[in-house]
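Please look over the structure shown here. The briefing that follows covers one strand and two helix pairs.

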Amino acid sequence: MSIPDLATLHALGPAQQPTYPDRGAVDAAVARLRTVPPLVFAGECDELKNKIAAVARGESFLLQGGDCAETFAGVTADNVRNKLRVLLQMAVVLTYAASVPVVKLGRIAGQYAKPRSSDLETRDGVTLPAYRGDAVNGFDFTRESRVPDPQRLVDVYNSSAATLNLVRAFVTGGYADLRQVHAWNTDFVRESPVGQRYEQLAAEIERALTFMQAIGADPDEFHRVDFHSSHEALVLEYEHSMTRIDSRTSTPYDVSAHFVWIGERTRQLGNAHVELLSHIRNPIGVKLGPTTTADDALALAAKLNPLNEPGRLTFITRFGAGRIRDGLPQLVEKVAASGIDVAWVCDPMHGNTFEASSGYKTRRFDDVIEEVQGFFDVHRSLGTWPGGVHVELTGDDVTECVGGGEELLEIDLGNRYESVCDPRLNRVQSLELAFLVAEMLRKA
Ligand code: PEP
Ligand code: MN
């Protein structure tokens with residue numbers, strides 16, 4: 001099996017692509033990427049696919065999270081460790097509450113390209129090309145920095161390799177030890193006023209772990225975790241040149257990440273992104289916004305997973321807190337009725353973004369929780385499984401989303417706003433979300 005070449009994909013008029021000024025430089029970057037070793041192995045992608053198949057069956061829960069946009073400067077040990085730590089802490093809480101395995105999937109080690117609502121950005125009367133992520137151009141608001149540079153695609157590869165190397169070391173080298181992760185949660189519950197509300201759940205986990213220890217159970221799983229990488233497959237040059245034919249199966253895999261997804265702005269049927277991802281064998285996702293009809297979802301499933309392979313397809317819905325209860329049921333109902341095998345995941349971030357009066361892009365913590373609650377309620381009433389959550393978060397104490405137990409206000413946003421794109425939940429907000437979703441899971 002092969003994949004369409006880049007020229008064929010570009011002939012489909014893909015949205016959200018950089019306009020590179022120098023074709024020769026693009027060809028050089030693509031040629032370089034075609035020779036680099038894979039970041040992930042096809043067999044690992046298959047393992048993840050099996051795990052997502054369990055999510056679709058209602059036997060697992062998916063936690064997908066990380067930055068809206070990673071940056072090259074953000075590839076530091078502290079940054080990667082903090083993100084990983086908060087994800088692992090969340091996963092322990094969710095695992096206990098759901099009583100099923102939690103599939104851990106980072107928006108990490110490749111999440112460098114961003115779709116934008118406008119091609120241009122104007123500041124103080126100066127208009128320049130919009131920032132499209134470190135994969136494409138620079139965040140600095142200067143003419144030189146905003147020119148798309150294909151060498152950056154090679155930098156994406158190198159930064160992803162460095163990140164993934166660290167992640168793999170952390171999750172297998174003792175850092176992810178269950179006792180340790182639980183101890184961090186205990187600290188959160190003990191030391192922060194926000195955490196105290198979740199004392200009871202933390203105490204239950206403590207008793208469960210103590211019991212396991214008392215009976216002498218010490219399985220390997222206590223000391224290491226499975227963690228997978230994901231990003232939006234956006235820049236065709238990158239995803240195409242990172243696609244390899246797997247020697248075991250002679251089929252193509254995008255070896256830049258275990259899981260890739262198609263964004264809300266590039267999911268049109270017949271579009272280049274849908275075409276390319278229909279050919280790779282990784283588990284894949286599609287973001288579905290509030291304008292998605294049930295027929296759109298059925299057509300996407302037919303194109304992207306014609307054989308209805310379990311675990312292959314995840315629908316990541318992002319309706320907004322005010323629309324999910326009205327919009328989601330018809331989608332889920334028709335998809336379920338047609339027998340399509342799919343994992344349903346809730347992205348409670350992208351339908352809830354607004355601009356604060358200070359000009360910062362932000363989200364309300366309560367809206368995020370309300371959308372997850374709506375997602376659980378809809379699935380519960382239809383008898384389908386709310387398979388997971390997809391969140392933008394960081395392990396640092398940033399001030400990008402308002403609300404939460406710390407009651408962050410709009411005037412606080414300027415204190416520590418570090419995202420180069422969408423606002424992320426900070427460490428405390430992320431842990432709080434995990435405890436609140438845990439409560440929803442227990443009721444489910
Ligand atoms: C994102 O996940 O950062 C994103 C741009 O999402 P969406 O495609 O759903 O808007
Ligand atoms: Mn985003």
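**Strand β10 and two helix contacts**

In β10, L313, F315 and T317 point one way while T314 and I316 point the other way, and all are buried (20 or more other C-beta atoms within 10 Å of a residue's own, with C-beta atoms placed from the backbone). This is a predicted model, in which local features need pLDDT of at least 70, side-chain atom pairs count only at pLDDT 80 or more, and totals for chains, interfaces and linings use all residues. Residues are numbered from 1 along each chain as its sequence is written, and chains are lettered from A and ligands numbered from 1 in the order in which they are written.

**Strand β10**
- Five of the five residues of β10 (residues 313–317) are buried, so the strand is largely enclosed by the rest of the structure.
- Strand β9 (residues 284–288) runs parallel to β10 and is joined to β10 by five bridges.
- G285 has T314 of β10 as its bridge partner.

**Helices α4 and α5**
- Helix α4 (residues 77–98) packs against helix α5 (residues 151–172) at an angle of about 50°, with the axes 10 Å apart.
- The contact (C-beta atoms, placed from the backbone, within 7 Å) involves A77, V80, R81 and L84 of α4 and T163, L166, V167 and F170 of α5.
- By class, six nonpolar, one polar and one charged residues make up the contact of α4 with α5 (Ala, Val, Leu, Ile, Met, Phe, Trp, Tyr, Cys and Pro count as nonpolar, Asp, Glu, Lys and Arg as charged, and the others, Gly among them, as polar).

**Helices α11 and α12**
- The axes of helix α11 (residues 324–337) and helix α12 (residues 365–382) cross at roughly 40° and come within 10 Å.

Technical notes. Axes fitted to C-alpha atoms, helices over the stretch in contact; angles between N-to-C directions. Helix = DSSP H or I, 4+ residues; strand = E, 2+ residues; numbered from the N terminus. Contact = placed C-beta atoms within 7 Å. Buried ≥ 20, exposed ≤ 12 C-beta atoms within 10 Å, placed from the backbone. Pairing = 2+ DSSP bridges.
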